[in-house]
Amino acid sequence: MSLGEIWAILRRRWYFMVPFTVLSLLGGGYLYATVPVSYQSQSSVALLDSSAVARLAPTFGNPISNAGGSLIVTADVLIRTLESSDAAKELRGRGVTDPYTAGFAPASDSPLLVLSVTGTDRAKVLRETNTLTTFAGEQLSALQAAAKVPPAYFVQTAPVVLPQTPVAKSKNRYQDIAAVVILGVVSAFLLSILMEGVAVVRRRHRAAHPREPRVPDRVRAGPLGRRVDATAILTVYLVLAFFIPSNLALPALGGVGTPANVFALLGLLWYLATWLGGRILPAPGTRLARVAMCVLGLAVLAAYVADAMRESSHEEVLGADRGLIGFLVWVSLIVLTSAGVQERGRLDVLMRRMVVMGSVVAAIGFYDFFAATNIADSVHIPGLQTSVAQVTTMDRGSFTRPRATTAQPLEFAGMLAILLPFAVQQAFDPVRRHLHPLRRWAPVVLIAGALPLSVSRTSIIGLLLVALVMVPRWKPARRWAAIGVMTASVAVFKVLIPGLIGTITGLFASFLSNSDSSTQARTVKYSAIVPYLKEHPLFGRGFGTFTPDLYFFTDNQYMLTLAEMGVLGLVALLTLFVTGIHQGGAVRRLARTEADRELGQAFFAASLVALVISATFDSLSFPMFAGLFFLLLGAGASCLGFLRRDAAAAAVPGPRTSPPAQPADLVESR
């Protein structure tokens with residue numbers, strides 16, 4: 001269905017579009033006029049050891065120098081005390097009636113607490129923050145007195161940041177307004193399309209006995225009249241995902257509000273309009289990926305209900321809402337690729353465009369590495385703001401870790417790792433042998449060459465997995481040539497970039513000896529996350545609620561899934577990865593050409609890489625990697641559907657045709 005056809009439907013169903021749109025705008029205006037602006041004030045408090053303990057060496061009487069990790073437990077006890085119902089009741093008696101929070105300072109491993117109060121009266125919020133800061137010190141002294149701790153050994157509170165001037169927090173207000181407007185417009189759109197679908201069905205029933213000839217709808221020629229298919233929509237999505245830095249998003253939607261994600265949701269509306277209008281049917285044999293998404297959807301909804309049933313903070317509620325939006329983005333990618341792509345040639349076009357765009361991102365990574373910068377930092381788009389705090393150039397050893405247009409070097413490495421198998425498959429594709437070798441092999445060189453530049457274990461693990469999955473399946477001549485090229489590549493990197501290979505091998509050596517600081521930090525976080533798992537083991541705390549600003553980075557997608565969606569979510573996540581691996585193997589088994597067999601192996605390798613490297617970073621928290629993974633998962637289902645239909649068509653015997661009659665003189669001459 002073209003954009004012109006959709007526009008014609010909306011004009012015919014104006015009695016839905018106009019009232020709903022006007023009501024939504026009026027509702028948004030009413031919220032803007034009646035909902036007051038909220039203000040937030042914060043203070044920071046550090047816990048210090050007692051003066052008696054501070055006299056011991058090596059602090060020599062300085063309590064600040066002994067603010068060590070042993071006080072973290074004390075800080076946790078104080079936080080839980082401040083968030084208790086008894087403390088809230090006493091604070092209300094002192095005039096603190098607005099919502100308040102107490103928690104550890106973000107990205108801090110010391111007993112540093114952040115106290116915040118949010119309300120609509122600026123002066124009152126400041127007074128309440130002062131009261132809360134004073135009350136925290138009193139509660140700590142009361143806890144120690146109840147435990148009969150000698151006063152000389154009391155742990156003290158020291159305000160590090162005094163209560164700040166309240167700052168307006170208008171983001172939540174605009175989020176509510178945007179939600180009302182979007183809900184009204186989308187409801188009008190879906191009702192218009194649904195009524196058009198009902199009208200189409202009725203016309204089909206009356207087609208057998210037409211009363212009068214029907215004049216077909218005319219759509220003006222031009223850009224709006226061009227036919228739009230899923231491949232075109234997904235191409236635009238890839239352009240937005242690859243070339244707009246993934247840390248830039250719409251302020252009202254947070255991290256999930258990247259332009260690519262918003263466009264993917266519009267693509268889902270396009271598919272629904274086309275499907276309800278009777279213009280498209282889901283491609284047969286592609287149901288497996290959508291069933292896996294249903295399993296994930298059950299886990300997401302169960303986690304959302306679990307978050308609603310517990311006493312979660314306002315930030316966690318917003319995180320759960322953003323999680324639902326992100327899940328809808330993933331659903332749209334799965335639906336568009338698996339059910340929307342109707343022609344095999346269009347799927348091949350999409351896969352080639354994806355590899356080409358990925359190679360451009362890899363080329364940007366080369367520039368970042370050798371220029372020791374991040375080109376994405378200079379990209380500023382009006383209306384978008386960064387959703388990742390403190391995105392700066394990251395170094396390891398003497399090398400700058402590139403991230404190109406991704407949010408983090410690990411996302412850069414993971415994204416290229418799952419793209420590499422398809423770049424290799426397309427380079428060997430017999431259909432493309434007429435192209436210049438540079439055109440076929442340049443994506444492979446760029447993508448594979450950019451992976452070690454990220455100076456991470458994730459990139460090397462991805463490279464090794466791709467090689468272990470794809471190379472053994474090749475014929476001996478190609479296999480030995482590939483091994484020679486990989487060996488020579490290591491030598492080239494060692495000569496052209498001295499120290500890079502040694503830095504990478506040092507990463508693995510320190511990991512095996514457990515002397516790496518990043519490995520030790522992950523181990524500490526694994527033990528720190530256990531209490532949250534015990535609280536909600538089955539359904540989790542809520543998808544999208546375990547954010548670093550409220551808790552801490554997990555650096556492991558499986559641990560993050562356990563915290564947010566529990567055991568059910570972990571099973572759903574593993575189901576996704578296993579589905580991708582199964583689809584790759586099924587494509588290889590059903591393929592009748594060498595190119596299709598290698599394409600199936602590429603799907604197998606990409607899903608296996610995603611399965612393994614998700615243990616090295618929270619992969620699905622990054623929009624570019626997550627979007628590419630779900631697009632590939634849907635593309636694997638689409639490819640499997642094409643091969644299944646071809647196999648079914650080949651299994652059906654066709655009518656036998658007799659040979660054409662031949663002239664009698666020709667027969668006699670034979």
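Ser332 is buried in this predicted model, its relative accessible area being 0%. Its place along the chain is in helix 11. Asn261 sits 71 residues away from Ser332 in the sequence, yet the C-alpha atoms of the two are separated by just 9.4 Å.

Helix 11 also takes part in the charge pairing. A count of salt bridges comes to 13. One of these joins Glu316 to Arg541, with 3.6 Å between the closest N and O atoms. Glu316 belongs to helix 11 (residues 314–340), while Arg541 is in the loop between helix 18 (517–535) and helix 19 (557–590), so this pair ties together parts that lie 225 residues apart in sequence. Are the two partners, Glu316 and Arg541, buried or exposed? Both Glu316 and Arg541 turn out to be buried.

Other salt bridges stay within a single helix. In helix 12, the side chains of Arg344 and Asp348 meet with an N to O distance of 3.2 Å. Since Arg344 and Asp348 are 4 residues apart in that helix, about one helical turn separates them. Here the surroundings can be read from the accessibility: Arg344 has a relative accessible area of 22%, so it is partly exposed. Asp348, at 25%, is partly exposed as well.

Helix 20 (residues 594–613) holds a pair of this kind too, with Glu594 and Arg597 placed 3 residues apart, or about one turn of the helix. The closest N and O atoms of Glu594 and Arg597 are 3.2 Å apart, and the two form a salt bridge. Glu594 has a relative accessibility of 35% and therefore counts as partly exposed. Arg597 comes out at 25%, which again means partly exposed. Elsewhere, salt bridges with shared partners join Asp307, Arg310, Glu316, Glu535 and Arg541 into one network. The Glu316 and Arg541 pair described above is thus found in that network.

Now for the aromatic rings. How many aromatic pairs does a search of the whole structure find? The search gives 15 of them. In the pair made by Phe617 and Phe622, the ring centres are 5.8 Å apart and the planes meet at 45°, so the pair is described as tilted. Planes under 30 degrees apart would count as stacked and those over 60 as edge-to-face, with the rest called tilted. Phe617 is buried, and so is Phe622. Ring pairs also build up a cluster, which links Trp330, Phe543, Tyr558, Phe577, Phe629 and Phe630.

Rings can have a charge for a neighbour, too. Arg478 has its charged end over the ring of Phe428, at 3.8 Å from the ring centre. That charged end of Arg478 sits over the ring of Trp474 as well, this time 5.5 Å from the centre.

Next comes the second largest pocket, with a volume of about 1100 Å³. It is lined by 36 residues, and those closest to its centre are Ala448, Leu463, Val485, Met486 and Ser489. Which helix supplies the largest share of the lining of this pocket? That is helix 16, with 11 residues. At least two lining residues each come from helix 12 (344–371), helix 13 (409–428), helix 14 (437–453), helix 15 (457–470), helix 16 (476–496) and helix 17 (500–512). As for the make-up of the lining, 32 of its residues are nonpolar, 3 are polar and 1 is charged.

Finally, two spots in the backbone deserve a look. Ala404 is not a glycine, and still its phi is positive, at about 50°. Ala404 is part of the loop between strand 9 (399–401) and helix 13. With a relative accessible area of 0%, Ala404 is buried; buried means under 20%. Val455 is a further residue other than glycine with a positive phi, in this case near 50°. The loop between helix 14 and helix 15 is where Val455 is found. Val455 has a relative accessible area of 0%, so it is buried.

Conventions. Residues are numbered from 1 along each chain as its sequence is written. This is a predicted model: local features need pLDDT of at least 70, side-chain atom pairs count only at pLDDT 80 or more; totals for chains, interfaces and linings use all residues. Side-chain values use heavy atoms; hydrogens and water are left out. Rings of Phe, Tyr and Trp (its six-membered ring) pair if their centres lie within 6.5 Å; planes under 30 degrees apart count as stacked, over 60 as edge-to-face and the rest as tilted. Buried means under 20% relative accessible area, exposed over 50%, partly exposed in between (1.4 Å probe, protein chains only). A charge sits over a ring if NZ of Lys or CZ of Arg is within 6 Å of the ring centre and within 35 degrees of the ring normal. On a 1 Å grid over the protein atoms alone, a cavity is a set of points where a 1.4 Å probe fits but cannot get out, and a pocket is an open set with protein on both sides within 12 Å along at least five of seven lines; lining residues have an atom within 4 Å of a point. Grid points are joined across faces, edges and corners, and a volume is the space filled by probe spheres set on the points. Ala, Val, Leu, Ile, Met, Phe, Trp, Tyr, Cys and Pro count as nonpolar, Asp, Glu, Lys and Arg as charged, and the others, Gly among them, as polar. A salt bridge is a side-chain nitrogen of Lys or Arg within 4 Å of a carboxyl oxygen of Asp or Glu.
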